[in-house]
Amino acid sequence: MPQASSPYIKAKDVVIDLDLPPSDRWKESATAFKKELKILLSQVKQAAKKVGKRGMSAMEKTWRECMTEHGLSEMVEEVDGLSEALKVDVKLLVLGQMEYELACAGCTSILLQTKTGPLLARTLDWDSALSNLVINVQFMKEGKLVAECPSFMGLVGCTTGVSHANRFTIAMNHRPEMNEGKLTTEAAIEASLAAKFKSAVTVLGKKTHLPVASFLRQVIITCPSYEEAVKMLSERRLCASVYFLICNQKEGLIIQRGKVKSLTRTLPSKPWSFLVQCNHDVAGTRYQDDDSVKRQKRTESFLAKTDFAALTDQVEVRKLLQKHMSTAPIMCDEVTAFYSFSSLAWDTHFTKRRKMK
């Protein structure tokens, strides 16, 4: 009986040379995705209309000031370069950089301890329409590969990434604000977007909190060690709540972040131990989204029942994980954009985007 084809295909590798002037780094690759980006930006325009010209101008101004204040002016220049290359209003691209803070998203992520060290596997559920923009960004410095980050063309920040230079890998999962999961009508969702936008502009204006995706790229590219990365992920003030998963060749953590405070869960060292994070607090009083709880329980049950110790090689482990991440409710047709896998112990890292029907 023929096997069902995988719903994922390899994401395109895009090289970003950090030795180039920031405004030139994305121009060539962005041009290749111009058609897909135009479609996405037409959707962003609809959100921008609800915000209004004054709101968009306020967002751009506070974003630029905040990023510059925290030493991230090169990312600002990269966005300006994208705007020039695509001939689009830079305000739309700035709004795209704040996608995490404005979206109601979902994800399923796994930290799994193996005999030789932990691995990190995850789906990213923002919008399956983004699948055609999924890329594997390879950041180069002085001719060396320093980091790889699954991302979307047009987003200069990162949602996931591995630091080859300093040997750690990170993913972020959406952590909803209070009662966000109870949004069931279009009017309620629009009201939530307006409230989130106002909050983002206010928080950016303080210049003490960073946009999450931009911050994550800063950690991946600049942190000299796993320990320093954990410290930054735990302490830096952020524009939104988030869950961070991080591991190196021996250990791993899940860091539950508020805009200021944090809590951690530690991956046990025993082989085939695991931690799972979806989009609700595993312990606590924050709203328990039914879909997130379902994905969490399904994944924990799969990991607990699988006899990983009986598998003969790494390939079998990867295949089993990908199969699980390819089935409902873990993979959702409407929102799942990509699946990524990273193991420093196995020296294996890849990103697969959803096939679009």
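A contact, as the word is used here, means heavy atoms within 4.5 Å. On that footing, residues 24 or more positions apart account for 67% of the contacts with a separation of 6 or more in the protein chain of this predicted model.

The secondary structure of the protein chain comprises 11 helices and 14 strands. Its C-alpha trace extends over about 60 × 50 × 45 Å along the principal axes. Because a compact globule of 357 residues would have a radius of gyration near 21 Å, the 19 Å of the protein chain agrees with such a form. Of the 357 residues in the protein chain, 55% are buried, while the accessible surface comes to about 15800 Å², with 53% of that area belonging to carbon and sulfur atoms. As for charge, the protein chain carries 51 positive and 40 negative charges, and the mean positions of these two sets lie 3 Å apart.

Confidence varies along the protein chain, which averages a pLDDT of 88, with 91% of the residues scoring at least 70. The table sets out the elements with the lowest and highest mean confidence.

| Element | Residues | Mean pLDDT |
|---|---|---|
| Helix H7 (lowest) | 186–206 | 70 |
| Strand S12 (highest) | 274–277 | 97 |

A further stretch deserves separate mention: over residues 179–185 the pLDDT stays under 50, and for these residues the model has 12 contacts beyond four places in sequence.

Conventions
Residues numbered from 1 in each chain as written. Predicted model: local features only at pLDDT ≥ 70, side-chain atom pairs only at ≥ 80, totals over all residues. Heavy atoms only, no water. Helix = DSSP H or I, 4+ residues; strand = E, 2+ residues; numbered from the N terminus. Rg over C-alpha atoms; globule rule 2.2 N^0.38 Å. Buried < 20%, exposed > 50% of the residue type's maximum accessible area, 1.4 Å probe, protein only. Areas by Shrake-Rupley, 256 points an atom, 1.4 Å probe, with all protein chains shown as cover. Lys, Arg positive; Asp, Glu negative; His and termini not counted. Charge placed at Lys NZ, Arg CZ, Asp CG, Glu CD. pLDDT = per-residue confidence, 0-100.
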